[in-house]
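User: I would like to learn how to read burial, charge pairing and chain contacts in a structural model. Could you take me through them one feature at a time?

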Amino acid sequence: MDHQDEEQKPKAENALRRNFLRAVGVGAACAGAWVSKALPAKSLPDETPIPDIPGYDWRKHKWAFGVDATRCIGCLRCVEACKAENGVARDAHHFRTWVERYVYLQGDDQAHVDSQSEPGNIAASGSEQAFRFDNRYQNAPVEKAFFVPKLCNHCTHPACVQVCPTGATYQTKDGVVLIDHSYCIGCQYCVQACPYGAREFNHAMGVTDKCTWCYHRITKGLQPACVEVCPVEARVFGDRNDPESPISRFIKNNRVSVLKPYTGNAPNVFYVGIDKEVS
Amino acid sequence: MIGTMATAAPYVGYVYPNETDIPWSVLIVIYPYITGLVAGAFIVSSLYHVFGMSQFKPVARFALLTAVSFMFFVPMPLLFHLGNPQRAFNAVLTPHWTSAMSAFSYVAGFYVCLLLLEIWFAFRADIVALAKTKAGFAGRIYRLLSLGSDDVSPVALAIDHRFATALAIIGIPSAGGLHGYVGFLFGSVKAREWWSSDLMPIIFLLSAIVSGIGLLVVLYVAYSKARKVPADENVLAGLAKTLWAFLLVVLLIEGLELLEMFYKRLEGIDAVQRLIEGPIRYGMVLQWGCSLGVLVLLSVLILSKARGRFLVVGMTVSGIAMMIAVLAMRWNVVIGGQELSKTTKGLLTYYPEILGHEGLLAVAFIFLCPFVVLWLITRFLSPWEPEAGKEVSP
């Protein structure tokens, strides 16, 4: 996937970069000469080539994700599967996907919310390497309760991509936001910019990490790991270019909403059955 | 360098699980702080060079050296913070222009060049004189620095002055741009309730100026003491008025912003209120307490036309308090912004490490560096007027 980021740069940006390099070359003699020599090879193809993934054309897909919160039972198999599939740090502070529990007790105006980073849940799990919700509401007067799976929203206008100083994080033609780990400098500006807390820092590699919708799987015709293991079909994934795909039907047949629409990021994870308190 | 995270930040309420690993440490508090000191020191030199305020002449060149000494170390906290500092040049070679951060090396690099040029013109006559009188290695360095120019005729000096003024004129918007830019880095992050404000660039810029003036006052008094020369009262009285004016404006703008925020009471205001009353309460007390204290103290100094020891002590206290206030402000913004969860349902508390490359010791070391460099530079190029001090040459 490494080379995809350079390949999918828009043409206008490449032109801008070309002009810029020309200007730099004049002033910074040595560095400038080196830069202008080094860059043409890397950039500037007239057409963005298709990434070299056998049998896959990223121009033909438009991926999207659905979450039916009315189905989620909070079993956290999705979290487990994601951590295993993607080698995410086995602790309670780094997640590509997680599940939030919302509970309204009788007479409460506001929900009690918790997730896996909460000490009570870590204790119930036995360690930070296992994932389960504790039983704290067993005898409580619960009025309303539900689970909300969270993950990267792979926004149409991703703020994280906007703020990346190197272009290491980028948007693919098929609508997925990825990170080139060999190019990320680890400044974590993208972590700040994501309104959903979906980005985490990989301390071992010194780079930012996040959900890729299991790009390595979906480009082979498989489902993301979290969707694959969900026992209740609370997670739906598919191609919006195909009107009969699970996600197209999910969006067509339900009244869907997205998280924090006011940010202007235009998320591509569509929710059913969430409450006003969910953000 | 890279390794495991510091301990997860404790929190109350609900925060996204990834937020417990706080992205920007105390290093990113010191980064805008050092940048701001540069801008402030530079403004003082401009008051003389551009606006002809001759009472600042005795510190104009010292202010330039102060600015450049601190500017050298602006990138240091950023490099310490990067997960892959060896790739820092990726942002220079392939800047992703939609990112404010991609402009950093260009903005900072341009400003360093400008400062060095201005210093060269401001010190050229001295360099030429030293090149002619000093022998040995030092003499060779001065001859190298003179860049082959040894004309110190009145015409040549007038040209130097014109160049220095022109560079200072370019320098004012550059210094403003440099620090306005740092404010933009934070103000443009719409995901962060406490950062996302259109006023952030202007608040950063103005607070930068007051912190830089504070620094210059402290350094000037300290250097005067070290040189056993009384600090120039006109300089201090002038700086008192300048600091008062800038401080008043920054307090007004910051105050009005808070007022509007709390009057409008948009969604999330309760969380902001809990942040101010919680994790950053001491920071807020320091920021506002010191700022208002300085404003009062300066008012007294100005109204009483203070002179002598009262002026020197009053201004030194003001300078130190101003630096503390702005450091607290940087903490309140950078750390406070991250302590307020993006869920607006919870608050985190950041505890800095002591050791480690993002720890307090690293920060103290980085912050000490510019003072050492400034001392070395002033040994090599004395910024003081010969008649004002005992030292004629370094």
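User: Is A:Glu118 buried or exposed, and how is that decided?

Analyst: Burial is judged by relative accessible area, where buried means under 20%, exposed over 50% and partly exposed in between, with a 1.4 Å probe and protein chains only. A:Glu118 counts as buried because its relative accessibility is 15%. This is a predicted model, in which local features need pLDDT (the predictor's confidence in each residue, from 0 to 100) of at least 70 and side-chain atom pairs count only at pLDDT 80 or more, while totals for chains, interfaces and linings use all residues. Side-chain values use heavy atoms, with hydrogens and water left out, residues are numbered from 1 along each chain as its sequence is written, and chains are lettered from A and ligands numbered from 1 in the order in which they are written.

User: With which residue does A:Glu118 form a salt bridge?

Analyst: Side chains of opposite charge can pair when their charged atoms come close. The rule for a salt bridge asks for a side-chain nitrogen of Lys or Arg within 4 Å of a carboxyl oxygen of Asp or Glu. A:Glu118 meets this rule with A:Arg136, the closest N and O atoms being 2.8 Å apart. The pair links distant parts of the chain, since A:Glu118 lies in the loop between β3 and α5 of chain A and A:Arg136 in the loop between α5 and β4 of chain A, 18 residues apart; helices (H or I, at least four residues) and strands (E, at least two) are DSSP runs, numbered from the N terminus. A:Arg136 is partly exposed, with a relative accessible area of 33%.

User: Which residues are linked with A:Glu118 and A:Arg136 in a network of salt bridges?

Analyst: The network also takes in A:Arg101, A:Asp114 and A:Asp134. Within it, A:Asp134 and A:Arg101 pair with their closest N and O atoms 2.7 Å apart, and both of these residues are buried.

User: What does the side chain of A:Asn121 reach?

Analyst: Here the useful idea is the polar contact, a pair of N or O atoms within 3.5 Å; within protein, one must be able to donate a hydrogen and the other to accept it, and residues adjacent in sequence count only if both atoms are side-chain atoms. The side chain of A:Asn121 comes to 2.9 Å from the backbone nitrogen of A:Asp134, and a polar contact of 3.4 Å joins it to the side chain of A:Arg136. A:Asn121 sits in helix α5 (residues 119-125) of chain A and counts as buried, with 0% relative accessibility.

User: How many residues does each chain bring to the contact between chain A and chain B?

Analyst: Contact means heavy atoms within 4.5 Å, and on that basis chain A gives 60 residues and chain B gives 46 residues. Buried area is the accessible area (1.4 Å probe) that two parts lose on being put together, summed over both; for these chains it is about 4,300 Å², 54% of it on carbon and sulfur atoms. On the side of chain A, A:Ile185, A:Tyr189 and A:Gln192 lose the most area to chain B, together 18% of what that side buries. One salt bridge is found across this interface, and the side chains of B:Lys345 and A:Glu277 meet in a salt bridge at 3.9 Å, N to O. The rule also finds 39 residue pairs in polar contact across the interface, both residues at pLDDT 80 or more.
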